[in-house]
Amino acid sequence: MPSEYIMYLSILLVGTLAIGGISATMVAINNTMEERAIEVNLENILQSITKVIHDVKENGDNQVELGATDLSYINILAIPEEIQEEEYIIEVTSTNTSYSLKASLKEDPEFFISVSLLISPDTITISGSIDSTGNAPKVIYIFDGISSSILLAN
């Protein structure tokens with residue numbers, strides 16, 4: 001009789017451990033999928049802003065070539081305020097050879113995605129940042145008669 005009791009307890013323990021292991025695995029998979037969804041969504045937003053920046057630069061440069069002496073060209077963006085219930089910030093970073101856009105979560109700045117703009121700092125100045133919860137995020141092309149710049153702003 002005691003051996004049967006120990007056998008039943010052993011089976012119960014093994015079943016409990018199996019259920020616990022499966023639960024832990026499912027939680028880990030769920031967290032990984034949420035992080036991956038945030039990454040993909042942020043990258044899609046950065047790619048669309050990159051396209052807008054290139055379009056604004058091209059349109060602004062064309063107007064300067066046609067003789068504009070003072071220019072302020074604005075393109076208002078439509079971006080979501082949250083991704084997976086997370087707010088984010090988009091900012092311009094630069095190296096000696098190129099500019100990049102970097103999107104990071106407000107609550108976890110260590111989590112970020114970066115996309116290169118493939119625009120040289122020698123040709124134009126690009127700066128600024130966009131807060132996902134800010135009013136009317138926009139990309140602004142500015143030409144003051146001497147130099148051109150692009151500004152990201154809310």
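This is a dialogue on how to read the fold of a predicted model.

Biologist: Where should I begin, and which helices and strands make up the protein?

Modeller: A useful start is to list the elements before asking how they are arranged; in this predicted model the secondary structure consists of one helix and seven strands, and along the sequence they follow the pattern α-β-β-β-β-β-β-β.

Biologist: In what order do the strands lie in the sheet?

Modeller: Order in a sheet has to be read from the pairing of strands, and here the seven strands form an open sheet in the order β1-β6-β7-β5-β2-β3-β4, with mixed pairing. The edges are taken by β1 (71-76) and β4 (112-116), each of which has a single partner strand, so that one side of each is left without a neighbour in the sheet. On average, and with direction ignored, neighbouring strands of this sheet are turned by 15° against each other.

Biologist: How many bridges join β2 to β3, and do these strands run parallel or antiparallel?

Modeller: Strand β2 (residues 88-94) and strand β3 (residues 99-105) run antiparallel and are joined by seven bridges; to follow one of them in the viewer, start from V92, whose bridge partner in β3 is L101.

Biologist: Which strands does the helix lie across?

Modeller: Helix α1, which spans residues 2-65, lies across β1, β2, β3, β4, β5 (125-131), β6 (138-143) and β7 (148-153), and it runs at about 30° to β4.

Biologist: What does the radius of gyration tell me about the overall form?

Modeller: The value is best read against a reference: a compact globule of 154 residues would have a radius of gyration near 15 Å, whereas this protein has 25 Å. The box filled by its C-alpha atoms, taken along the principal axes, is roughly 100 × 30 × 20 Å. Of the 154 residues, 29% count as buried, and the accessible surface comes to about 9700 Å², with 56% of that belonging to carbon and sulfur atoms.

Biologist: Let me look at a single residue: is S132 buried or exposed, and where is S132 found?

Modeller: For a single residue, the relative accessible area is the value to consult, and buried means under 20%; S132 has 3%, and therefore counts as buried. S132 is found in the loop between β5 and β6.

Biologist: What does the side chain of S132 reach, and which residues is S132 in contact with?

Modeller: The side chain of S132 reaches the backbone oxygen of E81 at 2.8 Å. Leaving aside neighbours within four places in sequence, S132 is in contact with I79, P80, E81, E87 and Y88.

Methods:
Residues numbered from 1 in each chain as written. Predicted model: local features only at pLDDT ≥ 70, side-chain atom pairs only at ≥ 80, totals over all residues. Heavy atoms only, no water. Pairing = 2+ DSSP bridges. Helix = DSSP H or I, 4+ residues; strand = E, 2+ residues; numbered from the N terminus. Axes fitted to C-alpha atoms, helices over the stretch in contact; angles between N-to-C directions. Contact = heavy atoms within 4.5 Å. Rg over C-alpha atoms; globule rule 2.2 N^0.38 Å. Buried < 20%, exposed > 50% of the residue type's maximum accessible area, 1.4 Å probe, protein only. Areas by Shrake-Rupley, 256 points an atom, 1.4 Å probe, with all protein chains shown as cover. Polar contact = N/O pair within 3.5 Å; in protein donor to acceptor, adjacent residues only side chain to side chain.
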